[in-house]
Amino acid sequence: MTNTQKPPAAPFDQAAGSPASPLHGITIGLDIGGTKTHGIRFEDGVPVADESAGSSNVQNVSREQAARNLADLFARIGGGPVDRVYAGSGGIDTDEDAAALAALIQPLAPGARVTVVHDSRLLLAAGRATTGVAVIAGTGSAAWGRNADGGEARAGGWGYLLGDEGSGYWLGREAVRHSLRRMNQGLPVDQLTEALLVSCGLDHPNKLIALFHSPDTGRRFWAQQARHVVEAAAAGHRDSATLLDQAGQDLAALAGQVLGLLKIKGPVILGGGLGMNVAPLQESFRRHLAETGVTDVRVLDQEPVFGVLQLVAEPA
């Protein structure tokens, strides 16, 4: 769903009791991705503890596993009274999604104000922008933006079965498809396929079919295979380079859709594990946006969870 109205999952607040000054007291910031949950404990706006645990996104793990991973993270990030928890997560598409995640967090920080938003909001704030478009290229992909009038829009973020173009999962799946096409065409195993087979512990491309559909693998596993596309492209493998270019183009299209809905020209901030670390994808993203006249494109230079400080300080 993409629109220029306030999204159904507006910032969700649960519980009460925030201090007078926005950054005064103890704030726990959470960035919940498909692979991990990154948490930082801030005391009066200063980070004092930085820890990660497994994903607590219930699109990727069971509710029980999400609760265990959150408990593990909170145990290591420090106990005691907490004034507020601000969490950004993928898969927050409705008020019900936000409330369900807040319910998992609240017992770990009794009495704290718990706010849950889509993780793209963290990214825009971490990019030191209050208006513009944030594009996530990680395990999944999504774009979200806000204009000066307070209008908001989203594109993508539909999950791996419906979209996630340009994401780690998409690249991993496309590596499998590339390998199977070559097999069907009677072509020899190439550099990308060989790396994929070694990583998966297989001796023939045909076995990728069963492994891909196996309950023993999933979104996270295949997203991790994206690294083979990146490495092969760096070594001169043309098809892998083409895949990275397509990923950048697809992500640029998500950004362009949101920019058009909001009637703004930027800035566009690219984040996520792929977005922050894969130069060819960044170059493709910039180039395809430049072709549409969008030149204010930035790559996130700090972890999204640090956007919590700006979001907490913004007027309600």
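## Ala71 and Val85

Ala71 sits in helix α1, which covers residues 63–77. The model is a predicted one. Ala71 is partly exposed, because its relative accessible area is 34%, between the 20% limit for buried and the 50% limit for exposed. Ala71 and Pro107 are 36 residues apart in sequence. In space, their C-alpha atoms are 9.3 Å apart.

Val85 belongs to strand β5, residues 84–89. Val85 has a relative accessible area of 0%, so this residue counts as buried. What does Val85 touch, leaving aside neighbours within four places in sequence? Its contacts are Ile28, Leu30, Phe74, Ile105, Ala109, Ala112, Arg113, Val114 and Thr115. Asp95 is 10 residues from Val85 along the chain. The C-alpha atoms of these two residues are separated by 17 Å.

## Two helices that cross

Two packed helices are described by the angle between their axes and the distance between the axes. Here the pair is α4, residues 168–184, and α9, residues 238–262. Their axes come within 11 Å. They cross at roughly 145°. The crossing of α4 past α9 is right-handed. From α4, the contact is made by Trp170, Leu171, Glu174 and His178. From α9, the contact residues are Asp239, Leu243, Leu244, Gln246, Ala247 and Asp250.

Glu174 has a second role to note here, as a salt-bridge partner of Arg173. The closest N and O atoms of that pair are 3.0 Å apart. Glu174 is buried, because its relative accessibility is 9%. Arg173 is partly exposed, with a relative accessibility of 25%.

## Salt bridges

Side chains of opposite charge can pair when their charged atoms come close. How many salt bridges does a search of the whole structure find? The search gives 13. One of them joins Glu152 and Arg146, with 3.4 Å from N to O. Glu152 is buried, because its relative accessibility is 3%. Arg146 is also buried, at 18%, which is under the 20% limit.

Arg219 and Asp164 form another salt bridge. Their closest N and O atoms are 3.3 Å apart. This pair links distant parts of the chain. Arg219 is in helix α7, residues 219–224. Asp164 is in the loop between β9 and α4. The two residues are 55 residues apart. Are they buried or exposed? Both Arg219 and Asp164 are buried.

## A nonpolar patch on the surface

Which residues form a nonpolar patch on the surface? They are Trp158, Tyr160, Leu161 and Leu162. Together they have about 490 Å² of accessible area.

Tyr160 lies in the loop between β9, residues 152–156, and α4, residues 168–184. That loop also holds Asp164, the salt-bridge partner of Arg219. Tyr160 is partly exposed, because its relative accessible area is 31%. Patch residues need over 30%, so Tyr160 meets that cut-off.

## Backbone details in loops

Asp44 is in the loop between β3, residues 36–43, and β4, residues 46–54. The phi of Asp44 is near 55°. That is a positive value in a residue other than glycine. Asp44 has a relative accessible area of 48%, so this residue counts as partly exposed.

The loop between α9 and β10 holds Lys263. Lys263 is not a glycine, yet its phi is positive, about 60°. Is Lys263 buried or exposed? Lys263 is exposed, because its relative accessibility is 73%, over the 50% limit. Pro267 is found in the loop between α9 and β10, with β10 covering residues 268–271. The peptide bond from Gly266 to Pro267 is cis. Its omega is near -5°.

Methods: Residues numbered from 1 in each chain as written. Predicted model: local features only at pLDDT ≥ 70, side-chain atom pairs only at ≥ 80, totals over all residues. Heavy atoms only, no water. Patch = residues over 30% accessible without salt bridge, like charges linked within 9 Å, V, L, I, M, F, W, Y side chains within 5 Å. Areas by Shrake-Rupley, 256 points an atom, 1.4 Å probe, with all protein chains shown as cover. Salt bridge = Lys/Arg side-chain N within 4 Å of Asp/Glu carboxyl O. Helix = DSSP H or I, 4+ residues; strand = E, 2+ residues; numbered from the N terminus. Buried < 20%, exposed > 50% of the residue type's maximum accessible area, 1.4 Å probe, protein only. Axes fitted to C-alpha atoms, helices over the stretch in contact; angles between N-to-C directions. Left-handed = near helix turned anticlockwise from the far one by under 90°. Contact = heavy atoms within 4.5 Å.
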